[in-house]
Amino acid sequence: MTIPDRDRLHALLSDVDFPCGRAELIRRATANGADDSVLGHLGAIPDSTYPDLDAVTSACSEMT
């Protein structure tokens with residue numbers, strides 16, 4: 001699975017209030033038009049609370 005583009009991921013999640021959990025990340029990404037690849041990565045990251053976008057990006061990159 002290809003890692004989502006960092007800029008695209010940040011654009012999809014720019015309106016998220018951090019810290020937040022995986023479910024909220026998926027909800028916001030879906031609402032902002034994320035494709036199946038991004039949603040798949042977000043669904044695969046650990047069900048945890050993420051303090052910021054950089055933590056989400058790191059978690060996605062660790063899933064490959």
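R27 is exposed, at a relative accessible area of 51%; exposed means over 50%, buried under 20%, and partly exposed in between (1.4 Å probe, protein chains only). The model is predicted: local features need pLDDT of at least 70, side-chain atom pairs count only at pLDDT 80 or more, and totals for chains, interfaces and linings use all residues. Residues are numbered from 1 along each chain as its sequence is written, and side-chain values use heavy atoms, with hydrogens and water left out.

**Exercise 1.** Find the salt-bridge partner of R27 and place the pair.

Solution. A salt bridge needs a side-chain nitrogen of Lys or Arg within 4 Å of a carboxyl oxygen of Asp or Glu. E24 meets this rule with R27, the closest N and O atoms being 3.0 Å apart. Both residues lie in helix α2, 3 residues apart, about one turn of the helix. Helices here are DSSP runs (H or I, at least four residues), numbered from the N terminus. E24 is partly exposed at 28% relative accessibility.

**Exercise 2.** Which parts does the salt bridge between R6 and D54 tie together?

Solution. The side chains of R6 and D54 pair at 3.0 Å, N to O. R6 belongs to helix α1 and D54 to helix α4, so the bridge ties together parts 48 residues apart in sequence. R6 is partly exposed, at 43% relative accessibility.

**Exercise 3.** Identify the buried residues of α4 and where they sit around its axis.

Solution. In α4 (residues 53-61), the buried residues are L53, V56, T57, A59 and C60. They share one side of α4, because their arc around the axis is only 160°, taken from the directions from the helix axis to the C-beta atoms.

Notes: Helices (H or I, at least four residues) and strands (E, at least two) are DSSP runs, numbered from the N terminus.
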